[in-house]
Amino acid sequence: MSERLTASWIILRYAFRGNLSFIELRDNIGRRLQTVVEKNGTFAIDRDRNWALEEAGAQPRFVDPKVIRSALTEAVTSIEKKMIPQVELPVFLQVNFKSFDMNSWQGIYGQIIDLLKIKSPIQNRLRPILLAREKWKKRARPRLPMRILGFQAQNLLSVMSQHWWVNTPEVQSFGLDLANCDTETELETFLQSKKRHILVCNAANFEFLYPAVQSVHAANRPRLLVAAGTAKEAGFIDGKLPQLLPGISFCLLPSSTQDVFIPSNMLRDALYAIVHDLPLHEAFRQPALLMADPISNQNLRLADFFAAEIDEMLEKPNAPTVKAVKKFVKRTGANEKVKKTLVNLAGTLDGLVSARRQFKELSIDFEHEGTGLLPMSLARQNFLSQAPLMKLISTTVEHNHIKEHMLANQQRRVDIGLRRCLRELSPRGNKSIAVQELFVTPQTCLKACGRYDLCLRIGRLLPRSILAESPTPIDLVLPKPKSCKGHLLEVVLFTQDFTVLGEHSRKFRLPAIGPSPIVSFSIFAPYDPGSAQIRISIYYRDHMLQSFVLNAAVEKEERTDVKRRFVEVTIDYTRSEQIQDVEKLKPRNLNIGVNQSANGTHSFFVKRGNIKCAVSLPQDVLKTQINAFRDILHTATQHRNVFRQANSMEFQDTFRKLARQGAELWGALYDRHPGLENALEAVAKSEGNVLQFVRHDPNYAFPWSVIYDFELPDEIAGQTDPPICLGSINGNPCNHQWTDRVFCIRGFWGVRHRVEQLMFKQKAPAQLQTKSQATVLFAQGYTDEHTDKLKKDLSTSINQGLFKTLSGDLLGNVWDRKSGPAMVVVIGHMETRIIPGESTGPRLVIVPGQQWLRDIDVRSYKRRHKALGPPQPVILLLGCGTAAVEMQTLNSLFTSLINAGAAAVIGTECLVFTDLACQLAKDLTDLMINKDHNFGDAMRFFRSKLMEGGNPLGFVFTAFGDADLKYAG
């Protein structure tokens, strides 16, 4: 089991192989150790070997027995540090049930302890448990009341004689429900009617009880079976125990002749311990036989019951105050009918407001019944009594005039919080815990190796938020829902420094009206103090809607400093506020986010359907391949005049170089993670899809378009080079597949698919809109025969003459709210020289000697004028210069222009000449404005057209923008 659990545990296994026997150890921090025992009972150890500890998942290495002994000692010491000394370490004995005799298991355990020479006091602190199964099942949190059912156990009710249970009806109804049945029919009825958490019987009745448990639906099965008596009485033939169902633990209580039914004192003490939030191995002390696994051993923690209560309280409809309703009405301009209905509703919810406040202020201390189960029961009764008011809220919202107003004016935002794990805070040595104190404040650092619940909800604030700023309302991203079901979303965690316990993703439904349910993940902070990060991304049909980064300071223990912000979540990507109908957009066949990590690596966050994985790559792994790709393009650009036809030797040589380099890039990704392998293989088998890449790190460029995922042909030294396919054979589509081992144009992602690159915090619209008579703005910073011809072609080809040459300030024309263009074509030199009278530093020349474009100019314009459209144009930055300077400068301009509100930006990967730049400008404007193509297809057709004509330089251009972006004119 690779999951790292909160509670300490050890698994021991005694195995036989040939003439040798083995003792194996696994524990909750990932160690796997193995030592060899010879026939005479001594250990066979090679003293010269390196006895390193092994991580979980690796093959165990033979070690000196003292290493295993040391691991047991360390585990006992670790629980001493956080709990009182009487606590025992659970040690699970893994056995083969097919040949296991339960009557001898204590002997096997004793032999292991003797061989390892475990002595007191450590031996006295070990609680032996039979490992019930190899595969462990995590079950949903249990809900109050805790229901205990006895089968022909008439004295069950007598074990609970304390006044806090006998004299408190609320506890009996909402906290601890005890019942007994005498017949098999009654047993089946009880089991099918309500969930029973614990079943108690005498050993002689176990053969009737267990089949009844098997017939119950898996989610409703009891978590613990308790039988009193001997194995023989329980019907365990020849001492063989049954293989328990997943998620169920079993305890065999020894009985005596005085205990006619069940040993009341042992059961009573165990139930009291469970009510005090103790795990099963502490509740059922020896000589009781306990069968469990590390998860089921913790499945009846009262802290989990309480956590479920908190979840339910937070999920129920909120009780708006009259003040909040009036503020909403004023903001949305509601009519008098809506205003009156909502104000009247708020005025009737005082009871619900009070119940919520009392629950949030509730303090729990599991060490005492009067401060644990009792107040929990009273709070549940109080909250459930408000059910009519909760129903009133739901029915009021369903009124047509209210529903229509809510649908049109919701501004539901994502909220994220961190909740401390109740198991970590209970039961001993802690002061009482207030519900509202469970959530971490931004001014509190996290505990190293501490367990927390990362909670996300849309549409209602959590008790404490760790967001650094309010994100864009998600209702401005998603379309108007077609039904009350709303939209099915998915949140995915991409781990960098934290460890996630269980699944890394959750699907949830955002209803048409109202908040989403709380989506929570159990995460562990890193072992070592320092800084830690985790990414939280929200998807709809594999479109990334919003992405957040949680940054946290981790120290040995939690501490609070009101002057510092230790924990915060920042949003670094959001879909545009102007996308109103995502239903019209195609699902993304692949989504990869790229982010720079603090240790000099880059993290690739991959999402495709059910495939989600994070892969870290050192910069130098890809740097050589990326530089080689740019060198190929740079050399080809300088010799561009030789690319006149597809059968030229120069074109075919460059084509093969690009394909080989694209295959190298693909291979560098493919070998990194099984999930990424599966995603890349699915992309290789498909065609015409949108591949979405989100660049969270603006300074890292990756040539996704040139990736080649068809298998390359064998190239034999001394033989003719393999032929090249340009996508057609004798005028018909070639239909080559990835398995054909061929040089084919369709093997490149940028030709076979629509490559969509998006920048962090990019707000790209779904449509290009303009209010002016200038659909295309042309800025000619360089003049030659190609630029003059482009200007003439655009002025005659753009429909209705919607073409304008630049006059005045470029940025002022681009973001003129009355006459801004849909597309901007800028052709000029990328100047780096120091020229008297001109600005220093890299700059794209707009008017020689008079006007130039720098990233600082864009940022300054945004600060002064708050650009951010509309209009939100497509901007073509068609400059030239050396590869290194150009990439550094254009990346900065990319970021600045996109943050200022550009819908899309196109730049170059390397040196580019005006003939190719003008061809891109002409083709793109024609395809998007005259022929109604979207942005992704326009770029794909441009590359294909060049390649089919014997020119491989379509890969020179890098485009950032929504693949479905279209001109709305």
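**Exercise 1. Asp304: is this residue buried or exposed in the predicted model, and which residues does it touch?**

*Solution.* Start with the accessible area. Asp304 has a relative accessible area of 11%. The cut-off for buried is under 20%, so Asp304 counts as buried. Next, place the residue: Asp304 sits in helix α9, which covers residues 302–315. Finally, list the neighbours. Leaving out residues up to four places away in sequence, Asp304 touches Arg141, Pro142, Gln298 and Arg423.

**Exercise 2. Classify Leu378 by its relative accessible area, and find how far its C-alpha atom is from that of Ser173.**

*Solution.* Leu378 belongs to helix α13 (residues 373–384). Its relative accessible area is 37%. Buried needs a value under 20% and exposed one over 50%, so Leu378 is partly exposed. Now turn to the distance: Leu378 and Ser173 are 205 residues apart along the chain, and their C-alpha atoms are separated by 9.8 Å.

**Exercise 3. Check the length of helix α26 against its expected span, then describe its burial and its two ends.**

*Solution.* Take the length first. Helix α26 runs over residues 935–948, which makes 14 residues. The expected span is 1.5 Å times one less than the number of residues, so α26 should span 20 Å. The end C-alpha atoms are 20 Å apart, in agreement with that value.

Now the burial. Of the 14 residues in α26, 11 are buried, and the helix is mostly covered. Among the buried ones are Phe935, Phe942, Leu946 and Met947, and also the charged residues Asp937, Arg940 and Arg943.

Then the ends. At the N-terminal end, Asn934 acts as the cap, with a side-chain oxygen 3.4 Å from the backbone nitrogen of Gly936. After the helix comes Gly950, with a positive phi near 90°.

**Exercise 4. Why can strand β18 be called largely enclosed, and which strands does it pair with?**

*Solution.* Begin by counting. Strand β18 spans residues 487–495, and 7 of its 9 residues are buried, so the rest of the structure largely encloses it.

Next, look at the partners. With strand β20 (residues 505–510), β18 shares 6 bridges in an antiparallel arrangement. Leu488 stands opposite Arg509 of β20. With strand β22 (residues 530–540), β18 also pairs in the antiparallel sense, over 6 bridges. Here Val491 has Ile538 of β22 as its bridge partner.

**Exercise 5. In what order do the strands of the sheet containing β14 lie, and which of them are at the edges?**

*Solution.* Write out the order: the open sheet has 4 strands, arranged β14-β17-β21-β19, with antiparallel pairing. The edge strands, each pairing on one side only, are β14 (414–420) and β19 (499–501). From one strand to the next, the twist averages 35°.

You can follow the last pairing at residue level. Strand β19 is joined to β21 (residues 519–524) by 3 bridges, and the two run antiparallel. Within this pair, Thr499 stands opposite Phe524 of β21.

**Exercise 6. How many disulfides are there, and are Cys201 and Cys251 buried or exposed?**

*Solution.* Recall what is being sought: a disulfide is a covalent bond between the sulfur atoms of two cysteines. The test asks for a pair of cysteine sulfur atoms within 2.5 Å, and the count comes to 0 disulfides. For the accessibility part, Cys201 has 0% relative accessibility, so it counts as buried. Cys251 also stands at 0% and is therefore buried.

Methods:
Residues are numbered from 1 along each chain as its sequence is written. This is a predicted model: local features need pLDDT of at least 70, side-chain atom pairs count only at pLDDT 80 or more; totals for chains, interfaces and linings use all residues. Side-chain values use heavy atoms; hydrogens and water are left out. Buried means under 20% relative accessible area, exposed over 50%, partly exposed in between (1.4 Å probe, protein chains only). Two strands pair if DSSP finds at least two bridges between them. Axes are lines fitted to C-alpha atoms, for helices over the stretch in contact, and angles run from 0 to 180 degrees between N-to-C directions. A polar contact is a pair of N or O atoms within 3.5 Å; within protein, one must be able to donate a hydrogen and the other to accept it, and residues adjacent in sequence count only if both atoms are side-chain atoms. Contact means heavy atoms within 4.5 Å.
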